[in-house]
Amino acid sequence: MHSIEQWPVMSVAGAASWTEFDARWYRETYSRTIDKTLKTDAETLRYYLERGRTIGHSPNPFFDESWYLRTYPDVARAIKSGKFRSAFEHYTKNAQEARQPHWFFDAKFYRAEYRNLTSEGLQSAGFINHYDHFLRRGDEEGRSPSPFFSPGFYLSELDIYETKKAATEGALRHFLRRFRISLPEMQVSPYFDPVWYLRRYPAVAGEVSRGIWRSALDHFLSNSTPQAFDPLPVFSEAYYAQHNLDIAGSINSGKLRSGYEHFIQFGIAEMRRFHPQIDLRRYLHNHPSVLVDLEQNRAPNVFVHFLTMGTIHDLTARSSNGRSSLPAEDEAKLLFRLQAANASLLYSHQSIDFSYSGKPILSVIIVLHNQFSLTLATLSSLRSNYPGALQVIVVDSGSADHTAHIDRFIQGARIIRFKTNVNFVLACNAALTEVEADAVLYLNNDVLLAPGAIEQALRRIHSAPDIGAVGGKVVRTHGLLQEAGNIIWRDGYTTGYQREASPLAPEANFARDVDFCSGVFLMVHTELARKLGGFDVDYAPAYFEETDFCVRARQAGFRVVYDPAIGVQHLEYGSSASSEAARAQMARSHAVFVRKHGAWLLGQPAKELHSSVSARSPRRSLRILFIEDNIPVRFAGSGFVRSNDIVGLMAEMGFDVTVFPINRPDFEIVAMYADFPDTVEVMHNQAAGNLNEFLAARSDYYDILWVGRTHNLEHLKSALSKLRSARQVRVILDTESISAIRHQQRATLADDGLPFDLKTALQAEFKNAGLCDAILAVSEREAQTLRGIGLGAVSVLGHMREVQLTRREFDERHGLLFVGAMHGENSPNYDSLCWFVDHVLDLVEQQIGSDAHLTIIGHTAGDASLARFKDDARITLLGSVADIEPHFDQHRIFVAPTRIAAGLPYKIHEAASLGLPVVASTLLMKQTGWRNGKELLAADTTDPAMFARQIIELYRSKSLWQRLRQGAANRISSEHHRARYRETLRAVLVPAD
């Protein structure tokens, strides 16, 4: 690579990827046209300067000469007149203009998408323009350069190996490299389908194969007649122009290339029509889950949602003028039946085998009355869902279709036949007498099971001796919930909790006790089922039998548990003659239920007086709303590990916990749920702007508001008085750390001569502390500070760690380890890391050589970038890692050079609990209360040489290493063990008085 500054005929201020000549890339790209004798980079550069640029060659993969000339005819004219020698020279000398250097980068889009990247800010940070920022930092950070290249979409299309490579080098660089090795073109954005495009326009495919265009996307973005080509099968350029006449002027004047460009910039937000059979307004109106997904940033807009998620879940967007006028759910039901019918052909030559030996793990009762194809689909789903020993008991209740011959299509099942339709209740009771397993599953014959449903249900029902019955998340065929557990109201009527909501709704995604789970999927202990006599025959032929059963189970002292990890797709009313007939039978069974359980129903909530939230689960214990800056996932660091531990212990103690983030989370949902017990309600779709409304809607629900971090009290001021007037609610402030202390440290480091008044800062920080009933500090040292400003009794709740010493010995370990989340370039971890690398690492390397290798682990977010360390051979950047323990087992020393900190350093406790000795700043030593030379080594960060000497001494001394390792482990064991922490937390939540 040669900097353009070295070129004899060109120059540019700064150095960016697009300003360099890539000789190797040039030789590979233009191998058909250049002199084959070119070998060295210097020869190649000379050829480009003398010949290549005059025939339209590009100097590197990040500037497209042909594209630039086609897109900007004025540049072509300027070259012809001799003002410039190439398009590349024009761009380098006019880099601040709003011109696009390549078809994959849209400067206008990049500025609009990342508004914090102002031109002034970029220039002050050393970037030439937005394109320079993207190539040097944005690509690595996963930013999108245009609507037509989505890094996340691209990575999802790669295999695991290539995904890792792309994530390391940058998605766009990885994508461009595919051209060098002639790999097939992939779809890289929802907005353009290259495979369909080349099939639709075979002439273009021929031109791509001959090298006239780099790719289908290159043609689409570069061709001279853009209105003649559609990007996707669902977008019609002609239809859009015909129905949006107001855009013609902008296209004719050259402000817009095509109708599709207008649609992406404006038309999506305005819900404009783009296809005769697709209507985005109808799509959004018919499917409330779409709005939930958009609010939770699962798709950038409704059009992308339709392209990526809607089609997957068969969410129709057809207009009323389309070929179908059926409501969306009717269409989904029809498709469900068609798919079942089509799948039934698979079993004409192969049977579904339920054979087993010994005692089965689970018995499954399925009652049939016709619906042959649906039954086969359900049985197939059951078999593929769980490979273990299942006793399947099929009851044919007088079927008149091919169900009478179902034994030809299944093996190993027990088939009970009745000549007439004996109804669901009696059929189930007959099957119960045949059950051999300890647990029995009542399963409808019109369902499909989500992966792992059976295994999870078995795990749940055997997880506690008082669990009598288990049910799951039931999703209707059109993708919305039928139920997430069920509520029984005082009048005997029932409600499927979260019916019509998205299956991703937080309220539907935590395990809890419920009034009952429906017989669509109901697993019970066989002994309990027989003790209760199965289903009550008074409910025959069907409905309310499972409601009655669950009530009787609860009266017998057993719990009924809803588990969202048990997924069931259900064709609602699929086995009924009609939905009207089903509703008529429900009314009759409801009357029976009220007559039998009238006294018990008096203890149930009245629907007109209670919200479904307060009624969704029988009260078992305290209900806690846990408010934090963000969803406290463990990999985020910065006090969130401690918050996560607290939430986990609350759930473990049986409390009902809801986690509410002040800032809308940007983590993947699956990553959030993986970090919490499954009984915790995680409000991943909420933020501070919704807090007052949220509290008003749940004014009768919570007993305790746990407020993490003092500044979040500000969000509660207006709502708290109303909440407390409605019921008694305790407010607990968990300070986590005192921000004023950090501000004082920053002021000291700044050394700008400005005075800092700690007392005034403390009073400002805790001005809302009077709203609280209890206050927690993370250390006794900070508790004393709070008492000093008159806050009275302050309790201490520090960190929880169990000693689990890693196994490797001193001589088997090498290198230094730094762990810390980077939430911005002004964060304490970023500051400490820069200080250590800039002032200490060289001194250590001079003494221990290559062993002074530093591994950096931690979540990076916000405006933080570790790019400055990327090319340092002494440093390995790992980012977030799924399992951190092996890294504590491999390294010899943990470094914690923190210069700005409040609270209690979790990183030191974590390292010590895993047996990795620590060299820390004296600031952190004081916060822990540990002793220099006893539990750690410490040095002041004003003395880099001393910090380096402490590392060198510890790195060389096996006896010192072992002494510190054991001393720190002893402190962790005595001060931070789980049992003690749990007792302290319980005393805070349930005070003795």
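# Exercises on a predicted model

Gln498 lies in the loop between strand 13 (494-496) and strand 14 (512-513). The model is a predicted one.

## Exercise 1: Loops and backbone angles

Find Gln498 and state the sign of its phi. Then examine Asn423 and the peptide bond between Ala540 and Pro541.

Solution.

1. Start with Gln498. Its phi is near 70°, a positive value in a residue other than glycine.
2. Go to Asn423. Its phi is also positive, about 80°, and Asn423 is not a glycine.
3. Place Asn423. It sits in the loop between strand 7 (414-418) and helix 23 (424-432).
4. Is Asn423 buried or exposed? The cut-off for buried is under 20% relative accessible area. Asn423 has 14% relative accessibility, so it counts as buried.
5. Turn to Ala540 and Pro541. A cis peptide bond joins them, with omega about 10°.
6. Place Pro541. It belongs to the loop between helix 25 (526-531) and helix 26 (545-555).

## Exercise 2: Confidence

Give the mean pLDDT of the chain, then locate two stretches with values below 50.

Solution.

1. The chain has a mean pLDDT of 88, and 94% of its residues reach 70 or more.
2. Residues 1-14 have pLDDT below 50; this stretch has 40 contacts in the model beyond near neighbours in sequence.
3. Residues 318-327 also stay under 50. For them the model has 20 contacts beyond four places in sequence.

## Exercise 3: The surroundings of strand 10

How many residues of strand 10 (residues 467-476) are buried? Which strands does it pair with?

Solution.

1. Check burial. In strand 10, 10 of the 10 residues are buried, so the rest of the structure largely encloses this strand.
2. Take strand 16 (residues 559-570). It runs parallel to strand 10, and nine bridges join the two. Lys473 has Gly567 of strand 16 as its bridge partner.
3. Take strand 15 (residues 521-525). It pairs with strand 10 in the antiparallel sense over two bridges. Here Val470 stands opposite Met523.
4. Take strand 11 (residues 481-483). Two bridges join it to strand 10, and the two run antiparallel. Val475 has Leu481 as its bridge partner.
5. Look at the turn. The hairpin of strand 10 and strand 11 has four residues between the strands, and Gly479 in this hairpin takes a positive phi near 100°.

## Exercise 4: The sheet of seven strands

Trace the open sheet of seven strands. Which strands stand at its edges, and which helices pack on it?

Solution.

1. Write the order: 19-18-17-20-21-22-23, with parallel pairing.
2. Find the edges. Strand 19 (681-682) and strand 23 (795-796) each have a single partner strand, so one side of each has no neighbour in the sheet.
3. Follow one edge. Strand 18 (residues 656-661) runs parallel to strand 19, and two bridges join them. Thr658 stands opposite Glu681 in strand 19.
4. Add helix 29 (residues 640-652). It packs on the sheet and touches strand 17 (623-628), strand 18, strand 20 (704-708) and strand 21 (730-734). Its direction makes about 175° with that of strand 17.
5. Add helix 35 (residues 780-788). It lies across strand 22 (774-777) and strand 23, at about 135° to strand 22.

## Exercise 5: The sheet of six strands

Trace the open sheet of six strands. Then place Phe869.

Solution.

1. The order is 26-25-24-27-28-29, with parallel pairing.
2. The edge strands are strand 26 (875-879) and strand 29 (937-939), and each pairs on one side only.
3. From one strand to the next, the twist averages 25°.
4. Strand 27 (residues 893-896) and strand 28 (residues 918-921) run parallel, joined by three bridges. Phe894 has Val918 in strand 28 as its bridge partner.
5. Phe869 sits in the loop between strand 25 (854-857) and strand 26. At 2% relative accessibility, Phe869 counts as buried.
6. Phe869 touches Leu833, Cys834, Val837, Ile875 and Leu877, leaving aside residues up to four places away in sequence. The C-alpha atoms of Phe869 and Val837 are 8.7 Å apart, with their positions 32 residues apart along the chain.

## Exercise 6: Two packed helices

Describe how helix 37 (residues 841-848) packs with helix 41 (residues 944-956).

Solution.

1. Their axes are 9 Å apart, at an angle of about 35°.
2. The crossing is right-handed.
3. Residues of helix 37 in the contact include Leu843 and Ile848; those of helix 41 include Ala948 and Tyr955.
4. By class, the contact has nine nonpolar, one polar and one charged residues.

How values were computed. Residues numbered from 1 in each chain as written. Predicted model: local features only at pLDDT ≥ 70, side-chain atom pairs only at ≥ 80, totals over all residues. Heavy atoms only, no water. pLDDT = per-residue confidence, 0-100. Contact = heavy atoms within 4.5 Å. Pairing = 2+ DSSP bridges. Axes fitted to C-alpha atoms, helices over the stretch in contact; angles between N-to-C directions. Buried < 20%, exposed > 50% of the residue type's maximum accessible area, 1.4 Å probe, protein only. Left-handed = near helix turned anticlockwise from the far one by under 90°. Nonpolar A, V, L, I, M, F, W, Y, C, P; charged D, E, K, R; others polar.
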